[in-house]
Amino acid sequence: MMMIGWMVLLVGVLLVPSSQSLRFDIQSGKTKCISEDMKSNSMTVGKYQVINPNQDRHQLLPDSHQLNVKVTSSHGHIFQWVEKVEKGQFVFTAMEQGNYMACFSAPEHWPLITLTIDFDWKTGVQFKDWFNVAKKGHVDLYHTINSIHEEMFYFLAREKEMQQLNQETISKMMWLSFVSLCFGFSVAGLQFWYLKSFFQENKLI
C-alpha cells in the first residue's frame, strides 16, 4: 500500500501540465509571438480572445478588433492559420520535439488602435490515446508509467546537455584566459626588450 501511495504521489507531481496564461497588447500592424518547448506526442490546447474595449461587455466588438493567428512548429508545420477572428482555440499533438510558436497579428488600421488579448496555453503529459483516456474517465497505469519514464529521461537528457555546455564554456574561458595571459607577458617582454635596446643605443645605461 505504501508503494502504491508513493506511486500515486509521483504521478500527481509529474503529470502537472505546463501552462501559460497571458494578457498582452498588440498595436495595429504589429505581431507578437509566444513560444512553448514541447516534446513529441505531447498534447496541447490553446485559447485566445480579444478583450472587448467597451464598458458594456454585451456590446459587439468593433470590426477593427480582430486577429490573424498562426500556430507553427520549428520544423515549419502549420497547425492553425486563421484571419480576422475575435476568439478561437487550437488543439493538436506535437509531432516532434522542439519549440512551437503561436503568433498573433493585428491587421493594419488607421488611426492606430491597440488590441488586448487573453491567451491561455496548456501542454499536458504524453498519452498514447488522449481522447480514449478522456472518454473512459481513467488513466491506464502502464501508459502513465511509460509517460513518466519518458518525461524523466527527457529532463535528464536536457540537464546533461546543459552540464556539458557549461563545462565547454568553462574550458573555453580558461583557454582564453591562458592565451590572454601569454599575450600580455609577450607584449611586456617585447616592451622591456625595446626599452633596454633603446637605452643601450643611446648610452643611457
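Let me start with a definition: a patch here is made of residues with over 30% relative accessible area and no salt bridge (a side-chain nitrogen of Lys or Arg within 4 Å of a carboxyl oxygen of Asp or Glu), where like charges are joined within 9 Å and nonpolar side chains, namely Val, Leu, Ile, Met, Phe, Trp and Tyr, within 5 Å. Please keep in mind that this is a predicted model, in which local features need pLDDT of at least 70 and side-chain atom pairs count only at pLDDT 80 or more, while totals for chains, interfaces and linings use all residues. Residues are numbered from 1 along each chain as its sequence is written, and side-chain values use heavy atoms, with hydrogens and water left out.

On that basis, Trp193, Tyr194, Leu195, Phe198 and Phe199 make a nonpolar surface patch of about 550 Å², with areas from the Shrake-Rupley method and a 1.4 Å probe, only the protein chains shown counting as cover for residues. Leu195 sits in helix H3, residues 141-201, helices being DSSP runs of H or I with at least four residues and strands runs of E with at least two, numbered from the N terminus. Leu195 has a relative accessible area of 43% and is therefore partly exposed, that is, between buried (under 20%) and exposed (over 50%).

Turning to the other end of the scale, Ser28 lies in the loop between strand S1 (18-27) and strand S2 (31-38), and Ser28 counts as buried because its relative accessibility is 5%. Beyond neighbours within four places in sequence, Ser28 is in contact (heavy atoms within 4.5 Å) with Ala106, Pro107, His109, Leu112 and Ile113.

Definitions and conventions
Buried < 20%, exposed > 50% of the residue type's maximum accessible area, 1.4 Å probe, protein only.
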